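Welcome! Take a moment to look over the sequence and the 3D view, and then we can walk through a few features together.

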Amino acid sequence: MAKIRLTKTELKLQRDALKRFRRYLPTLQLKKQQLQLEARKAREILIRLDLDITASRDSIGGWVSLLDEQGAAQVRELIVVARWEVGSRNIAGVETPAFEAVEFRETPYDLFATPAWFDDVVAAQRELVEKMLRRELVSEQVELLEQELRVVTQRVNLFEEVKIPETEDNIRRIRIYLGDQQTNAVGRAKIAKSKCRARDKAMAETSG
């Protein structure tokens, strides 16, 4: 604990600091609550995406197993990402990446040389790739939100457990010290007054 000056000026500084801490703390607490809520939402989205991706893979697996080597190669070519647009979203004061759009490389293929369900496989595979890209961004959102939550939580704890109690204690110590000083000053004044009266009395008696 830093040493403080036991003065009226220091008392005012400590009181002003306490007001600032108490005014700022509710803002930090509100931000902490918002971050907790948004981080929880993002984690729930991540869980749903994981379940959805697993289900999509299971659904596609049956079709892909029916393709010959050439057909499988064609599918792989048609799900190559040509462009991926990522935007920005402000969540509880944190800038996070947001999915905008994805475009796949278009490769021509012979419709008559592929099975009737080939287009469905390609569409399902592209949808799976999009879900995986979305998951990547949501995962990054969770990481950024939880990182900011840790920082804000540390600040809340600093104010609640250190700054405010420390400042309140400083104010208490200064007030006690100043009160004692005032009491001592009154006592000294009374003693001085009594001495003056005794001296005046003694001088009066001597003169008489």
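**A hairpin and an aromatic cluster**

Strand β1 (residues 81-91) and strand β2 (residues 94-104) run antiparallel and are joined by 10 bridges. Keep in mind that this is a predicted model. Below are some details to find in the view.

**The hairpin**

- Valine 81 has its bridge partner in β2, namely phenylalanine 104.
- The hairpin of β1 and β2 has 2 residues between the strands, and alanine 92 takes a positive phi near 55° there.

**The aromatic pairs**

- How many aromatic pairs are there? The count comes to 2.
- One pair is phenylalanine 21 with phenylalanine 159: the ring centres are 5.4 Å apart and the planes stand at 90°, so this pair is edge-to-face, since planes over 60 degrees apart count that way.
- This pair links distant parts of the chain, with phenylalanine 21 in helix α1 (residues 8-64) and phenylalanine 159 in helix α3 (residues 118-207), 138 residues apart.
- Tyrosine 24 also pairs edge-to-face with phenylalanine 159, at 5.5 Å centre to centre and 65° between the planes.
- Because tyrosine 24 lies in helix α1 and phenylalanine 159 in helix α3, their pair ties together parts that are 135 residues apart in sequence.
- Phe21, Tyr24 and Phe159 form one aromatic cluster.

**Buried or exposed?**

- Phenylalanine 21 and phenylalanine 159 are both buried.
- Phenylalanine 159 has a relative accessibility of 11%, and buried means under 20%.
- Tyrosine 24 is partly exposed, with a relative accessible area of 40%.

Methods
Residues are numbered from 1 along each chain as its sequence is written. This is a predicted model: local features need pLDDT of at least 70, side-chain atom pairs count only at pLDDT 80 or more; totals for chains, interfaces and linings use all residues. Side-chain values use heavy atoms; hydrogens and water are left out. Two strands pair if DSSP finds at least two bridges between them. Helices (H or I, at least four residues) and strands (E, at least two) are DSSP runs, numbered from the N terminus. Rings of Phe, Tyr and Trp (its six-membered ring) pair if their centres lie within 6.5 Å; planes under 30 degrees apart count as stacked, over 60 as edge-to-face and the rest as tilted. Buried means under 20% relative accessible area, exposed over 50%, partly exposed in between (1.4 Å probe, protein chains only).
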